[in-house]
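Reader: I have a structure to look at and several terms to check. Please take them one by one and show how each is justified.

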Amino acid sequence: MATETMLSDVFPLGSRLNEAGRLEVGGCDTIELAREFGTPAYVVAEDDLRSRARAFLDAGRQAGRQSGHEDFHVVFASKAFPCTAVLALFAQEGLWCDVASGGELHLALNAGFAAERIVLHGNAKSAVELRTALERGVGLIAIDNFDEIDRLQRLVESHGAGGAGGSSDVQRVLLRVTPDVRGETHEKISTGQADSKFGFSVADAAQAIERVQAVDGLSLAGLHAHIGSQLLDLEPFRREVAELAKLGDFEVWDLGGGLGARYTADQPQPPSIEEYVSTLLAGASAHGMGAPGRRLLIEPGRALCANACVTLYTVESVKQNVSRWVAVDGGMSDNLRPMMYGARYEAHVADRFDGDTRCELAGKHCESGDVIVREALLADPRPGDVIVTPATGAYGYAMANNYNGVPRPPVIFCKDGDARLAVRRERFEELTARDVG
Ligand code: PLP
C-alpha cells in the first residue's frame with residue numbers, strides 16, 4: 001500500500017497519499033477534485049502559502065535580532081502568482097507587494113494591499129502607469145532609467161507627487177541598479193549582469209542619484225537590485241549586497257528576490273528560507289545597511305508559491321512510437337516554463353504513484369516542443385487517468401495563455417479537506433469577449 005513517506009517536499013506542505021493511494025493536497029483527494037472541478041486545474045494548499053510567508057517573516061525577525069536589523073519587510077513579487085486569492089492571503093499575512101505593471105498594481109490594490117506597502121517596478125513604465133502609481137499613493141517606485149526620471153519629473157511637476165488626487169508632497173523612489181553580479185541560472189531569468197535590460201549600470205548610478213535628488217517632488221529613499229531568479233547558491237546575494245553598499249548610504253535597501261525552488265525530488269535542495277534571509281541580513285549589517293533608521297526589503301516570488309501548488313491533468317491518449325507519448329488536456333497554455341526555459345518537472349498518476357513506465361508527458365498544443373515532462377516515470381498511464389505535476393505555483397498561472405483557444409484553468413484553494421474555487425475555469429465565450437466587429 002502507498003504511504004505518506006513517498007512524497008517529497010516538492011509537493012505542498014501536508015500532501016499525502018491516502019489509504020486508497022490517492023494524492024491528497026490540503027486534505028483534499030485530487031481524484032475527487034478532478035471530478036468536481038475538471039482538469040486541467042491548479043490546486044493550491046492554502047496552509048503551504050501561509051507557512052512560507054510566516055517562515056520568511058520569522059526568519060527576518062530572528063536574523064534581525066541577531067544583526068540588530070529590525071526594519072525588515074517581505075515584499076511578494078506578485079508576478080509569480082498574480083491571483084487575487086493568493087495576493088489577498090499574503091496581504092493578510094502582513095507581506096508587502098511588488099508589482100511590475102499597471103495591471104499588477106490594479107490586482108494588488110484590489111486584493112487589499114495598502115498602497116504604501118506596494119513597490120512599483122518595470123523597465124518600461126508608461127506615463128499612465130506612473131501617474132496611476134502617484135495618484136494611488138504607491139509606497140515606492142523603483143526607477144529603472146534616465147528617461148523614467150524625466151517622465152516622473154514631468155508628472156510630479158505638472159500634477160504634484162500624489163498625482164491628481166494623491167496626498168503626499170513627495171513621492172518616495174528607489175533607483176534600480178544592476179550590480180554586475182551574475183548568479184547561476186537560466187540566461188532568460190538572469191538580471192544582475194552588466195549587460196541587462198534592467199536598471200542603471202554601476203557607472204551611471206552616481207549621476208542617476210544626483211538627478212533624482214535634484215527633483216523637488218521626488219525623495220530618493222534608496223536602491224533596489226534583483227540579480228536573477230531560481231538561484232540555488234547564496235554567494236551571488238552576498239556579492240550583490242557588497243556591490244550595492246559601495247554606492248552610498250541610504251534609508252531603504254531593496255535586495256530583490258531570486259531564491260530558487262526545488263521542482264523534482266532528484267534536484268538539490270535550495271538554501272532554506274532561514275539561510276537565505278540570515279545571509280542577506282548578515283551581509284546588510286556588515287555593510288552598514290542595518291544601522292538604525294535603515295529599512296531592508298526582499299522580494300521573493302517563486303520561493304513563496306512554487307511548491308504550494310500542483311496541476312492536475314487528464315490523460316486523453318497514449319501512443320507508442322520510438323517513445324511512449326502520454327497526451328493530456330493541458331500543456332504550454334497552463335505551464336509555459338518547460339517551453340521557455342527547458343524547466344524540468346516530475347509527474348505521477350494521481351492514484352498510482354509508484355510508476356516505472358518511461359513516458360513523454362505531452363501537452364495538447366500544436367507545437368512539438370509542448371512536452372510538459374520528458375522521461376516521466378508513470379504507472380502505465382491510460383486515457384482517463386489523472387496526472388499530477390507538483391511545484392507549479394510560480395509563473396504557471398502567471399504565464400497562462402489561450403494558445404489553440406484553450407481556456408485557462410481554475411485555481412482551487414484547499415485547506416483541511418475543504419476545496420474552494422478561487423478562480424473559475426475560463427469559458428469559450430470569453431475567448432471572443434473582446435471582439436468588437
Ligand atoms: N523582484 C523583481 C524586480 C523581479 O524581477 C523578480 C522576478 O523576476 C522578483 C522580484 C521575484 O523573483 P523570484 O520569483 O525569483 O523570487
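Reader: What makes up the shell around the ligand, by class?

Author: This is a predicted model. In it, the shell around the ligand holds 7 polar, 5 charged and 3 nonpolar residues. Glycine is counted with the polar class.

Reader: How many residues surround the ligand, and which are the closest?

Author: There are 15 residues around the ligand. The closest are Ser-229, Gly-258, Glu-299, Arg-302 and Tyr-395. A residue counts as near when one of its heavy atoms lies within 4 Å of the molecule.

Reader: What makes the pair formed by the ligand and the side chain of Ser-229 a polar contact?

Author: The cut-off for a pair of N or O atoms is 3.5 Å. An oxygen atom of the ligand is 2.3 Å from an N or O atom in the side chain of Ser-229, so the pair meets the definition. For Tyr-395, a polar side-chain atom lies 2.6 Å from a ligand oxygen, and for Lys-79 the distance from a side-chain N or O atom to a ligand oxygen is 3.0 Å. Both values are within 3.5 Å, so these pairs count as polar contacts too.

Reader: How much of the ligand does the protein bury?

Author: The ligand taken alone exposes 390 Å², and 91% of that is buried by the protein.

Reader: Which pocket does the ligand take up?

Author: The ligand takes up the space of the largest pocket.

Reader: Why are E1 and E3 said to stand at the edges?

Author: The sheet is open and has 3 strands in the order E1-E2-E3, paired antiparallel. Strand E1 (16-17) and strand E3 (28-29) each have a single partner strand, so one side of each has no neighbour in the sheet.

Reader: How do you know that E2 and E3 pair?

Author: Pairing requires at least two bridges between the strands. Strand E2, residues 23-25, and E3 are joined antiparallel over 2 bridges, so the requirement is met. Glu-24 has Asp-29 in E3 as its bridge partner.

Reader: Which strands pair with E14, and over how many bridges?

Author: Strand E4 (residues 41-45) is joined to strand E14 (residues 309-320) by 4 bridges, and the two run antiparallel. Here Val-43 stands opposite Val-310. Strand E19 (residues 386-390) pairs with E14 over 5 bridges, also in the antiparallel sense, and Tyr-313 has Ile-387 as its bridge partner. Strand E15 (residues 324-328) is paired antiparallel with E14 over 5 bridges, where the partner of Lys-319 is Trp-325. Each of these counts meets the minimum of two bridges.

Reader: What do E14 and E15 form, and how many residues lie between them?

Author: E14 and E15 form a hairpin, with 3 residues between them.

Reader: Why do the peptide bond from Thr-39 to Pro-40 and the phi of Glu-375 get a mention?

Author: Most peptide bonds are trans, and most residues other than glycine have a negative phi. The bond from Thr-39 to Pro-40 is cis, with omega near -10 degrees, and Pro-40 is in the loop between helix H1 (30-37) and E4. Glu-375 is a residue other than glycine with a positive phi, near 55 degrees. Glu-375 is found in strand E18, residues 371-378.

How values were computed
Residues numbered from 1 in each chain as written. Predicted model: local features only at pLDDT ≥ 70, side-chain atom pairs only at ≥ 80, totals over all residues. Heavy atoms only, no water. Polar contact = N/O pair within 3.5 Å; in protein donor to acceptor, adjacent residues only side chain to side chain. Areas by Shrake-Rupley, 256 points an atom, 1.4 Å probe, with all protein chains shown as cover. 1 Å grid on protein atoms, 1.4 Å probe; cavity = no way out; pocket = protein on both sides within 12 Å on 5 of 7 lines; lining within 4 Å. Sits in = over half its atoms within 2 Å of the grid points.
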